[in-house]
Amino acid sequence: MPATDEIRRIVEEVLGSADISGLLGSLSAAGQTASARTGRGVFADVESAVRAAAEGQRELIGLPLDRRTRMIEAMRAAVLAHNESLSREAVRETGLGNVVDKQIKNALAAEKTPGVEDVGPSAFSDEHGLTLTERAPYGVIGAVTPVTNPIATITSNAIGMIAAGNSVVFNVHPNAKGVSNRLVGLLNEAIGAAGGPQNALCAVAEPTIESAGALMRNAGVSILVVTGGPGVVKAAMGSGKKAICAGPGNPPCVVDATADIGKAGRDIVAGASFDNNVVCICEKEVLAVDSIAEGLKQAMRAAGAFELTGPQIEAVTRLVIPTPRTAPAESAPNKELVGKDAAVIARAAGIEVPAGTKLLLMEVGKDHPLVWTEQLMPVLPLVRMKSAEEAIELAVAVEHGFRHTAMIHSHDIEKLSRMAKLMNCSLFVKNGPCYAGLGQGGAGYTSFTIASPTGEGVTRARTFTRERRCTLVDYFRII
Ligand code: NAD
């Protein structure tokens, strides 16, 4: 479908049959111009980006709320309209994941990130009068984004942060700067076309770790929202500013004897191979009770997993974790293979796998380095456990206290409940693939910034607000 028709369909769906020709014209032009140049909002240095974003935020909070709602609708429509080309560009530029799954992630972020409706007021009224609580913006947010979900993270952050009345300066991952900054330009054009301010979203043209540091130190930035590995989380938490930090994980998936084994096998393969496992929430190791382990592996093979055996396990392990550390220490995965297709990884180890293979499965012992490592690639270790209790205990250990994400397949309510409590994670999925926890085939909204170290969990517009209370004594209760 041509881009203009696609935008029309999406905008009509979102806005109904109102007169949308002006918005459509501008959005369409935006797509063409933004792809041809860097895009509005992209600045040579941090200081100019922060100054422009501060001006953008002053304008934004002066606008009526229904304008902000239109801006959010236009941002959603712009991402959906350009989803395929953005996804292709992301795979080309980063070398990670695959186009089909990236489109699913990006559509999820565009459609299911909460908007302005998430930042409504609340009130208390009693014989002492009326107290109103409103959610105010912080101002300019400094956001650092990852290479693994560049489009989905920027889309979801931008929608939530703008809906809450903030502006944003993005310091995107250097290895995804082309597609990320093009997206910032597209979103800015969409905001402008919907009557919003210029530079509500800004970015640094040549982002580096140094420019991320400069953003963290800039006096014009009110809070930080960072999404990435341990390095950026540590830097943000040590910055002296309030920081909302989404860090690494190593999600275990327990399967016990009461699970629907066929469904568990399908769900695990779907989740662990999603975008070649680069998403932080993807299943990273399976801990299966001995009595169902064979059946589970069979179900996984039927769903597209290729089971490695004997010397194949050793060859792939040597390749994907070149310098293993002893458990419980985490090892470093081979960067060259992060986010690559299962067949590419197998071939690099001299193994040919059937067409359509989504995941490489290997049964290993519990001290195997892959069990303790966030591999971010479609190579999944499975450990045979004596009991569900033992599996849950190991799940807690291999998650390293990140409190990020975990999964269980079981119909034993005691086990479901016990693991949820012991893991104490931001996301816990029962009887589904990991992404059900992000609202893809599971109830609820989405986000691609899951703030475990700082505790906000699955972030949303209201996460990016300051609560402000206003009390009127003795009056305005009307009952
Ligand atoms: P990364 O940590 O290499 O980079 C993330 C961002 O932080 C980049 O923009 C990078 O330039 C910046 N950065 C890195 N070190 C920094 C430092 N010391 N100071 C300032 N900035 C710094 O991570 P990645 O490879 O892009 O993404 C994968 C990692 O991110 C995985 O560990 C994954 O679990 C995690 N992640 C978590 C979430 C979540 O919601 N919790 C989402 C996506 C990715």
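These notebook entries record what I looked up in a predicted model of a protein with its ligand.

**Entry 1. Ligand surroundings**

I began with the residues around the ligand. I found 29 of them, and T145, V147, G229, E374 and I450 are the closest. I then sorted this shell by class. I noted 15 nonpolar residues, 13 polar residues and one charged residue.

**Entry 2. Polar contacts to the ligand**

I looked up pairs of polar atoms between protein and ligand. For T145, a backbone N or O atom is 2.8 Å from an oxygen atom of the ligand. For G229, I recorded a backbone N or O atom at 2.8 Å from a ligand oxygen atom. H404 takes part through its side chain, with a polar atom placed 3.0 Å from a nitrogen atom of the ligand. I next checked how far the ligand is covered. Its exposed area when taken alone is 840 Å², and the protein buries 86% of that area.

**Entry 3. The site as a pocket**

Which pocket does the ligand take up? I found that the ligand occupies the space of the largest pocket. I also asked which elements give two or more residues to the shell around the ligand. These are α9, residues 209-217, and α10, residues 230-237.

I then examined the largest pocket itself. I noted a volume of about 1,300 Å³. Its lining comprises 44 residues, of which V147, H173, G228, G229 and K335 are the closest to the centre. The elements that supply two or more residues to this lining are α9 and α10. By class, I listed 22 nonpolar, 17 polar and five charged residues in the lining. V147 and G229 are named among the residues closest to the ligand, and I met both again among those closest to the pocket centre.

**Entry 4. The second largest pocket**

I turned to the second largest pocket, for which I noted a volume of about 350 Å³. I counted 15 lining residues here, and those closest to the centre are L65, V119, E134, R135 and A136. At least two lining residues come from each of α4 (65-81), β3 (129-137) and β18 (465-473). Which of the elements gives the most to this lining? I found that β3 does, with five residues. I divided the lining into nine nonpolar residues, one polar residue and five charged residues.

**Entry 5. Backbone geometry**

I closed with two backbone features. As background, most residues other than glycine have a negative phi, and most peptide bonds are trans.

Where is a cis peptide bond found? I located one between A327 and P328, with omega at about 10 degrees. P328 belongs to the loop that runs between α13 (310-320) and α14 (342-348).

I also looked up N199, which is not a glycine yet has a positive phi of about 65 degrees. I placed N199 in the loop between α8 (177-193) and β6 (201-204).

Conventions
Residues are numbered from 1 along each chain as its sequence is written. This is a predicted model: local features need pLDDT of at least 70, side-chain atom pairs count only at pLDDT 80 or more; totals for chains, interfaces and linings use all residues. Side-chain values use heavy atoms; hydrogens and water are left out. A residue is near a molecule or strand if one of its heavy atoms lies within 4 Å of it. A polar contact is a pair of N or O atoms within 3.5 Å; within protein, one must be able to donate a hydrogen and the other to accept it, and residues adjacent in sequence count only if both atoms are side-chain atoms. Accessible areas come from the Shrake-Rupley method with a 1.4 Å probe; for residues, only the protein chains shown count as cover. On a 1 Å grid over the protein atoms alone, a cavity is a set of points where a 1.4 Å probe fits but cannot get out, and a pocket is an open set with protein on both sides within 12 Å along at least five of seven lines; lining residues have an atom within 4 Å of a point. A molecule sits in a cavity or pocket if more than half of its atoms lie within 2 Å of its grid points. Helices (H or I, at least four residues) and strands (E, at least two) are DSSP runs, numbered from the N terminus. Ala, Val, Leu, Ile, Met, Phe, Trp, Tyr, Cys and Pro count as nonpolar, Asp, Glu, Lys and Arg as charged, and the others, Gly among them, as polar. Grid points are joined across faces, edges and corners, and a volume is the space filled by probe spheres set on the points.
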